[in-house]
There are 2 protein chains.
Amino acid sequence: MKPYQAYEEEFCIRQERFSEKCEKHYEGIFTQGSGYLHLRGSYEEGLSDADQSEEYTRLPANVTLEKSRSPLSKWGTYLPGVTGRHPLLREEIVNLPYPAAFSVEAEGIPLDMAKCQIINYSRWLDMRDGVLYRFFNWRVKENVILQASYRRFVSAKRKNLLVQEIEFTVFGGPCTLTMYHDIDEQVKTNGYEHFITKEKTIRENKIELFCETDNGDKIGMCSLAWCNDENNGEKFKPCGNKCVLEKVLTQGDKIRVKKLTGVLNEADSGTEDRRKGLYDRVQDAADHFNELYEEHQRLWAQRWEKSQIKIEGNPQDQKVLNFAVYHLLRCGNQKDSRAAICAKGFSGEAYFGHFFWDTEIYLLPFYLHTDPETAMRLERFRVKTLPGAKANAQAYGYRGARYPWESSVTGEEQCPNWQYADHEVHVTADVVFGMWHVWKATGDEQFFKECVPVFVETARFWMDRVEWREGSVNVNGVMGPDEYVCLCNNNAYTNEMIAKSLEYTLMALAWAQENAPVLYGSLGLEEGEAGEFRRCAKALKVLGNRKGIIPQCDHFDELEEPHFPRLWKDKSKPFGQFISQERNYRTKALKQADVLMLPYLFPHEMHRDQVRANYKYYEPYTTHDSSLSAVVHGIVCAQLGETEEAYTFFQKACSIDMGDAAEETGGGAAEGVHIANCGGLWQAVVYGFAGMDYCYENEELSFHPRLPEAWKSLSFPVCWNGKYYQVKIMGEDVEIKSLEKDK
Amino acid sequence: MKPYQAYEEEFCIRQERFSEKCEKHYEGIFTQGSGYLHLRGSYEEGLSDADQSEEYTRLPANVTLEKSRSPLSKWGTYLPGVTGRHPLLREEIVNLPYPAAFSVEAEGIPLDMAKCQIINYSRWLDMRDGVLYRFFNWRVKENVILQASYRRFVSAKRKNLLVQEIEFTVFGGPCTLTMYHDIDEQVKTNGYEHFITKEKTIRENKIELFCETDNGDKIGMCSLAWCNDENNGEKFKPCGNKCVLEKVLTQGDKIRVKKLTGVLNEADSGTEDRRKGLYDRVQDAADHFNELYEEHQRLWAQRWEKSQIKIEGNPQDQKVLNFAVYHLLRCGNQKDSRAAICAKGFSGEAYFGHFFWDTEIYLLPFYLHTDPETAMRLERFRVKTLPGAKANAQAYGYRGARYPWESSVTGEEQCPNWQYADHEVHVTADVVFGMWHVWKATGDEQFFKECVPVFVETARFWMDRVEWREGSVNVNGVMGPDEYVCLCNNNAYTNEMIAKSLEYTLMALAWAQENAPVLYGSLGLEEGEAGEFRRCAKALKVLGNRKGIIPQCDHFDELEEPHFPRLWKDKSKPFGQFISQERNYRTKALKQADVLMLPYLFPHEMHRDQVRANYKYYEPYTTHDSSLSAVVHGIVCAQLGETEEAYTFFQKACSIDMGDAAEETGGGAAEGVHIANCGGLWQAVVYGFAGMDYCYENEELSFHPRLPEAWKSLSFPVCWNGKYYQVKIMGEDVEIKSLEKDK
C-alpha cells in the first residue's frame, strides 16, 4: 500500500478525534465498496458499548422523521441483492457477518477507542482510491505506548475481496499483545436475525463462514490473516471461535498483520465446490498480496478520469463533490443488474435497502454521462423486475405493470407504509422516463428492445388506473413527490409524467414496428390500444396546457396555510418534527419540490416567466425536509439565472451529508449517505451551473453556463452519445474537448 | 345448580356437535361474565391441537378485513381494565391465566373433544342465568363409556367468582380416572407474553397464582377443587404444577367435582394481605356452595325483568334479541368506571380491548333505558379519562381535549393505524353527545356537573381544530363513520356532531352558571370564548341548512363509481375483500352509514322526504361491511315507514353473530361478539319498530309503532326519567304501564 500521509486535501475526509456523537456518521461517510461488496467504516475491533448482536424491533415508521436507535456504532456489510424477510419491514438488505473483525489486547486490556487512553488519533478516507486509514497512539499504561496504524480497502479489481493491513509498534515496554482475527457472525440487521443457518469453521489461520438468509440467499466468507514474521514460528491459531496470536514486544518492536477476506454470494461462486472456489480466490490474492493495492488503485484512477468535477474557487465545494462522486463510483456496478442502488447507497439500513424513484430521477444522469454501461445496468434492473411489477398491478386489481414505490430485488412492493406504497404511483412513469433517458443518451438498440415491454405494460396499467369522466381524465387518490400531502387527485407532476411515459411508449411502439417487428408482434397490442394511450397522454398533459401557477393537485388551495413562524421553532430540524402528521396532511407545507420537478426535468417546456411564478409561489411553502429537494431547487434557480440563490441551495445540499457541524448534530450520514443527493449534487453542477441540456431534449452537447461567483472555473468530463468530452467553463466561456483517442 | 334439561328454547343457544370450524365462534357466543370477570366458553380441558401459549406477532392490520389466526380454540379470561403493552398493538386487554382449567384422563387417555370418540354431545348456554352446560358420552374403549356433564357460571353476586361442577359416571368399567385441577398460566394474548412476574403455589387442593402485567396491573387467582366423596380419603393433591386426583370407578359409579376460582384485580382486594383476602372469599364461597347458584340466579332474574324484550311471532328473532340483551347485561357494570365496554364486549381480542365511539352511539341507549346507573358509569369512564384526552390534544398540537378513536383505560389514543387514530375525530363530539343523552335521560345533576369540564375542554379543542376561511368554517382532513373514505373535508356527520356538541356545551354552560357557580368559575372561561363556540356551532350546522342530498363530504362526487357487479364476486363476504384499499379509498363505496347517521340520531330534524332522498342515494353505495351499518339502516327504514325493508336490515344484523350458517362460515363471533351490534339490535326494536322517541328530543315517553308483519306483538320494559314502564305494542296500539310499586 501507499504510505500513510500521501493524500490530497480535497480528496480526504478526516476525523481528528473519536466522538461518541458522530461515530455512526463517520461509519456512514467512510463506507468503502466495490459495487459488489460494501463495508461501513467501523473500527475493526468494534466498541464495547455497541453490541451489534442486540435483538430489537424496528418499526416501519416514517423514515424522514424516525428517531433511529443510537448505539455508538453500527456495522454494515452488504452484498447488493442479498436480503432477508422482516416481519414488519418486509424484504430488507441483510447486514452480513463482519469480515473486518480484528481486535487486540495489550497487557490484557482490550483496545476500545471510547475507553482507552488514545493520543494523536486520526482517521481518514482517501477518496482517490477508497483506502481507509486509522492512526493513533495508545497509552497502555505508564511508560508503555502502542502505536497503531490500520489500512483497508475493498478491492476494485477483485470485487469480493477486503484487504487489511495493521501495524503495531511498541514504545516503552515490554508489552504483551494478543491479537484476534475473526469473522464476527453475531450481527443483526435492524435488530433481527436473518440467518437460518450459519456454519463457521476454523483451521490454522483460516476462518470460513457459510450462511443462508431467511430469503434463501447463501453467503460464503473466507478469511486469512498472517503476520510479517510468521516464519519465526508464531502464527494465528484457532482459539474458541476466532484465531489468536500472542506476542511480547519490547521497545521499538514492530509487528505487521495482513488480513484478506473474500465475501461471496454463492450464486456467483461459479464452481460446484463452493468452499474451494472461495478459498482459491483468497489464496490467490494472498499469493499476490503486493500487487493488490496497485491493481485496485489503477481502476480508481480510471474512474476518476471519467468523472472528476474540478472546481477552482472553493476547496470545500470541491471536497463535497469529490465525496458525492466517490460514493456514486463506489455504488456503480457495470456487470450486475440483480440489484439497483438502494436509497442509502449500501452504507446503512435506513430504507431497508429498498430501491426508489431515486434510481431514475436522481442517480441515472451521473452514470449516463460518466459510465453508460452502469446506467444501462440500473435500468436493466427494472427490465428484470417487470414480472414483479406485473404482480403488483394484479395485486391492486389492475392490468399491466405497476412498479413498486420501494422495490424488492424481484420488483415486488416492499414499502411497509400503505400511504406511500399504495399511492405514490408516479414511480411507474419515472421508470419509463429513465429508460427513455438511457435510450436517448446511448442509442443502444439492444437495450431499448428490452425496455419496450416495460413501456407497453406500464401503459396498460395506466389505462386501468386513470378514470375518465365527461371526456376528461383523472388520476385520483395519489401522492405526489411532496409526501406531506397524503392523498390527492391529479397531482401535476404525476399526470405529466404519465403523459410523458405514454408519449415515450407511443414513440417506442413506432420504433419497434419499424425496427423490431418480431418484438412488436409479441406485444399483443390490441386494436385501438395505442390510440387509447395517445388519447390519455393528450388529456393528462400539464405542460403546455396549464398557464400561470400550476396547481400541485386538485383543491390544493383548500389546504391550510402553514404557520411556519409559529410552529417551526428550530429551522435546523425538519418542519415535520414540529407538526403532527394529521395537521401536516391538511396543510400547504411541502416536503419537497413537486410542481418544480417539472421545470427541473423539462426546462424547455415551460416559459421562464411561468417557472419564476411557480418558484415564487411554491418555494415559500417548501420545507425541504426531504434530501431530494435542495438540488432540484438549485437547478431551477440556476435556470432562472438566480445563480447565487442556486448556490445557496447547492450548499444546503452539500451540508446534508457533509455539513461542518457534525460534532454538534451527530452528522447526517449515521444511517447511511444520501446517495440520491450525491447524484443531485452532480446534476446541480452539470445541469444547473454548467447548464448542460438534457440529452432527451437536445441532440447536441450544449451548455448555458451560470457559475456562482465563488467559482472561477469548472471542468468535468462528460460522455455524450458514447463519446467522452472534457468540458471547461470559465465565466460564460465553454470549451469542449474530445477525450477520444484517435483510433 | 338447577337440573340439566330445564331451559326455555328461546333462551338457549345450543351446539349439537363439536366442529373444528366453529369452535371459536361458540367460545365467543358462549362467553360468560359478571361485568367484573369475563370468560370465553372454551372447554375446561382445552384442545390438544390448540396451544394457547404459542408466541406469534399479530400485526396492526385493518381489523374488519384481517384474517385472524385460526387455532381451533382461543381461551379468553378478562378483567376489564387489566391491560398490557404490546409493541405493535399498543395497550391491549390481557388474556389472563385460564381459571377454568380442568382436564381428565380415562385409562390414561386424555380427553380431547376433537380426537376422542364422543357420543351424544351437547353444549348449551342458558341465557336466563348465564350457565354453560356440556354433556357427552365418551367411549373410552370397548365396553367403557364415561358419561360427563359440566356446568359453570361466573357469579353475578360474587362477581370475581367462577363456579364449576363436573360429574362423571362410568358405564362398563372398571375405569381409572385421573383428574387435573389447575389454573393454566401458559396463556398468551395475541401471541404475546404480558406477564413480567408469575408466582404459582400449590398446597393441598388449593392453587394460587399471582402475576403482574407489563402495564403494572396485578392479578391474583385462587382455586379450590374437591370431590363429593372426599371424606372417603381421596382428595386432590399437588402434582407438578397442578392438582391431581385418581380414582378407579366401576359400572354405575359417579363422581362429582366442584371447583371454585376467585379472580381478583389486586387493586380491588381491599385488604393488605392479598393472599388472605382472596382466599377468604373463595373459602367463604365454598362454605356456601349450595347457595351460590340461587343468589346468582336471583340477580339475573332481576336484570331480565328490567330488560327483556318479548316478541310474539318469530322465535328466532326472540332468541337473537335474548342473545343481544344477555351479552349487554353480562357486560354492564354498575360499580366501576375504570373501563368502558370494549368493542368485543370482553369476549375476544379483535380490537385489543380498546373502547370506541360504540360506547356512546351503540351501547348507551340500552343501558340508559334499562339500567341508568350503568349508563352513567360508562360516561364516567369518559370523565375519568379527560386527562388522557387532554394529553391527546396536546400531542397533536391543540388545546383542550381530544377523545381517542381507540381509548386506553386512561384515555390515551391506542389505535395502531394512523388513518383512524389521526382523522376519525368525530368521537370527541360523540362523547359529548353521549353525556348529553345521559343528562336528558336521568336529570342527574351530580353526574352532569362532572361532565361540564368535558364539554368545555372538547369545545376548546374544536376551536383549534377547525379552520376559518372567508367567514366559513371547515373541518378538514377527517375520516367520517364511513371508513372507506380515508381523508376528506367537512364530513357532514362530523360537522353536525361538532355543532351539536358545541350547542350542548353552551346549554351546559348556561346551566352551570345558574346552578353550579363554583364549578362555572373553575372552568376558566375567557371573555368571548362562549361566543366563539356559538359562532362555530352555527357555521358548522348541517341539519336545517343543507337541503336535498347532503354531501357526505366536500368533493364526494369526485369519487369513482363503485363497480359492484364486476368487483364484488361473493356478496356473503365483505366488499373490502374484493378491492384494494388504494382503490377503495378513491371509490364511492361506503363501509357503513355516514350521512344516514343523521336521521338515525336526529329524526325530527330532517324532513321525511329528505331522509328518503338521502337513503335512496346512499344506500346503494353502502357495502355494510361494518357491523355498525345494518341496524342504523333498519332504523332509518322504519322511520320512513319501510317496515319490511327495516326488517330485512334487522335480520341482517341478527345474522352477524347468530347467523344460521355458522357450520359453513365458521360463524361471526370467533374473535368475540359484536357488542355494538347487540346494542344496535335493541335500538332497532325500541327506536326502530316501536318508534320510541329519543329522550334528548322529547320530554315524554312516546312511540310511533311500525312492527314488521312477522311480529304479532312486542313488549319491553323501559326506564324513563328514573321510572320503569312496561310497554306493549300490538299493531298500532301502544300500552304503557308503570312498573313502579306504590311507595
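Here is a walk through the structure above, from the whole pair of chains down to a few strands.

First, some ground rules: this is a predicted model, where local features need pLDDT of at least 70 and side-chain atom pairs count only at pLDDT 80 or more, while totals for chains, interfaces and linings use all residues. Residues are numbered from 1 along each chain as its sequence is written, and chains are lettered from A and ligands numbered from 1 in the order in which they are written.

Let's start with the two chains. A turn of 180° and a shift of 0.0 Å along the axis lays chain A on chain B with an RMSD of 0.0 Å (the copies are superposed by least squares on the C-alpha atoms of residues with pLDDT of at least 70 in both). That is the relation of a two-fold axis. Want to find the axis? In chain A, look for A:Leu487: its C-alpha is the nearest to the axis, 3.7 Å from it. Both copies use the same surface, as 100% of chain A's contact residues recur in chain B. Here, two residues are in contact if their C-beta atoms, placed from the backbone, lie within 7 Å.

Now zoom in on chain A. Its secondary structure comes to 21 helices and 25 strands; these are DSSP runs numbered from the N terminus, with helices (H or I) of at least four residues and strands (E) of at least two. The C-alpha atoms fill a box of roughly 90 × 60 × 55 Å, taken along the principal axes. Of the 743 residues in chain A, 54% are buried, where buried means that 20 or more other C-beta atoms lie within 10 Å of the residue's own, with C-beta atoms placed from the backbone. Among chain A's contacts with a separation of 6 or more, 70% join residues 24 or more positions apart.

Finally, some strands. In general, strands of a sheet pair through backbone hydrogen bonds, either parallel or antiparallel. We call two strands paired if DSSP finds at least two bridges between them. In chain A, strand E10 (residues 131-141) and strand E11 (residues 144-154) run antiparallel, joined by 9 bridges, and A:Arg134 stands opposite A:Tyr150 in E11(A). E10(A) and E11(A) form a hairpin with 2 residues between them, and A:Asn143 in the turn has a positive phi of about 70°. E11(A) is also joined, by 11 bridges, to the antiparallel strand E12 (residues 161-172) of chain A. There, A:Val154 has A:Leu162 in E12(A) as its bridge partner. E11(A) and E12(A) form a hairpin too, with 6 residues between them.

Conventions
Buried ≥ 20, exposed ≤ 12 C-beta atoms within 10 Å, placed from the backbone.
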